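Thank you all for making the time. Please bring up the sequence and the model, and I will walk through a few of its features in turn.

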Amino acid sequence: MGMIGHCSQLSKASCKPLLKPSFRTEFSEIFKFSEKYDLPKEHIFTVNYCDNSFADITDYRTVRSYKNKDRGIRFTPRRKNQDGTSTSRKVQFPTVYLGLSRLYPIGETKDENLKNKKPKFSKEDIEWIAQYYKKILSMHADTIIGTQEIEISGSEITKKTYGVVTKQYDHLVNSAGQDNMSQILASVLSFKRLKASMGEDYPGGVLLIDEIDAVLHPAAQINLVEFLYEQATELDLQIVATTHSLRLLEYLLKRYEIERYNKQARFYDTEIIYLSLEGSKVYQIEDLTWSKIESNLLLLAAGMRDRSLPAIPLFSEDEVTRWFLQHLLPEYQSKLQYIEANLSYSQLIDLRSQDKKYFRTVLIVLDGDQFNNKAIDPFNNILTLPEDGLPPEKVFYNF
């Protein structure tokens, strides 16, 4: 996200964001590198910018890493112009990055480092904040009567946020979840105000949120993401966020699958890029399923890579197939849950076709005589036994 944010800014904005000095993200402000271990060689990445239809790339920045003698490891975005010259000027596109410093607790801040200021909110702004604040956090009983700008500064952190004032409590006792929500709402409101001030010249924007679920109740996580889908459409926002929340990932995966089931489009509203670690190498997990996500996160959380995965239900045609599999794959038996049911290949294929929600999470093993059955081609979790075209009894006999 830092790489994405580093490539764009809006240098001459008609209004400033509520939490930041400008609509930009500087990579060096949010990341520190080890002079000893990081970047032993040059690295290159490219960020592309597309039009609203995603049909054409309208701009790009290629970023190279290098080691500056005085300033350490640096990243410089560049673009080659048509005349052969190059520019290091960032793409003129408003960007807001919300890092984990937003979670620094107000209650643990020294009084001398805490400043209260009157926010420059209109009546409409406060009503907008109150509406979504209460809806997302399910705080319908609270009556929000105003907001208070809070600035934390000192040697340890610099942070700006907004606390809500209600009839029951004021801004200083807002919870960490309330504080997180205030900052996300203020960032979206910044784009809303920018769009109003720029009119037809408003280009849209990029909102980057690190650990979007942090300190939020599971229900609030879902409400927040639904709110962001709505605002992304209204304000032409590209929202990129990271999360480790199982609840949120389950919700997003369902949206991801429904979008692809209901329409054939080049681009969708939801993309999930799931990164994992193997040794020292980061890689992307392809063909995402809920079982892959859950198993990967639970293993990483437990710190046990050799821990047994949840047993996968396995359906087969009969007990002969199950016997064959038990002897063919002895090292995998702890990972398989054999379903004691005798079903024909056509029944198993029908079940996979009719009940996608459950039967996409199981394994189905057919006898080898179904190897060339074209009906199983669309399903990546239907396998056949060895020996093309032969039932297991014939395989045993030949052996």
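Let me begin with a question: which residues form one aromatic cluster with Trp128? The answer is Tyr132 and Phe227, which together with Trp128 make up the cluster. I should say at once that this is a predicted model, and that a search of the whole structure finds twelve aromatic pairs. One of these I would like to take more slowly: the rings of Trp323 and Phe396 have centres 5.6 Å apart and planes at 80°, and since planes over 60 degrees apart count as edge-to-face, that is how this pair is classed. Trp323 belongs to helix α8, residues 319-328, while Phe396 belongs to helix α11, residues 392-398, so the pair ties together parts that are 73 residues apart in sequence. As for exposure, Trp323 is partly exposed, with a relative accessible area of 45%, and Phe396 is also partly exposed, at 32%.

Returning to Phe227 brings us to helix α5, where Phe227 is one of the buried residues, others including Ile222, Leu224, Val225, Leu228 and Tyr229. The helix runs over residues 218-235, 18 residues in all, and reaches 26 Å from its first C-alpha to its last, close to the 26 Å expected at 1.5 Å a residue. The cover over its buried residues includes helices α3, α4 and α6, together with strands β12 and β13. Just after α5, Asp236 takes a positive phi of about 55°.

Now to the empty space. The structure holds two cavities of 30 Å³ or more, and the largest cavity has a volume of about 50 Å³. Its lining includes Phe121, Ile129, Tyr133, Thr147 and Tyr162, and the elements that give two or more residues to this lining are α3, β11 and α4. Of these, α4 gives the largest share, three residues. By class, the lining of the largest cavity has seven nonpolar and two polar residues, with no charged ones.

The second largest pocket, for its part, contains about 1,400 Å³ of space. It is lined by 38 residues, of which the closest to its centre are Glu257, Leu288, Thr289, Trp290 and Arg360. Helix α6, which we met as part of the cover over α5, supplies the largest share of the pocket lining, nine residues, and α7, β16 and α10 each supply at least two. Here the lining comprises 19 nonpolar, eight polar and eleven charged residues.

That is where I will stop, and I am glad to take questions.

Technical notes: Residues numbered from 1 in each chain as written. Predicted model: local features only at pLDDT ≥ 70, side-chain atom pairs only at ≥ 80, totals over all residues. Heavy atoms only, no water. Helix = DSSP H or I, 4+ residues; strand = E, 2+ residues; numbered from the N terminus. Expected span 1.5 Å × (residues − 1). Buried < 20%, exposed > 50% of the residue type's maximum accessible area, 1.4 Å probe, protein only. Contact = heavy atoms within 4.5 Å. 1 Å grid on protein atoms, 1.4 Å probe; cavity = no way out; pocket = protein on both sides within 12 Å on 5 of 7 lines; lining within 4 Å. Points joined across faces, edges and corners; volume = space filled by probe spheres on them. Nonpolar A, V, L, I, M, F, W, Y, C, P; charged D, E, K, R; others polar. Phe/Tyr/Trp six-rings, centres within 6.5 Å; stacked < 30°, edge-to-face > 60°.
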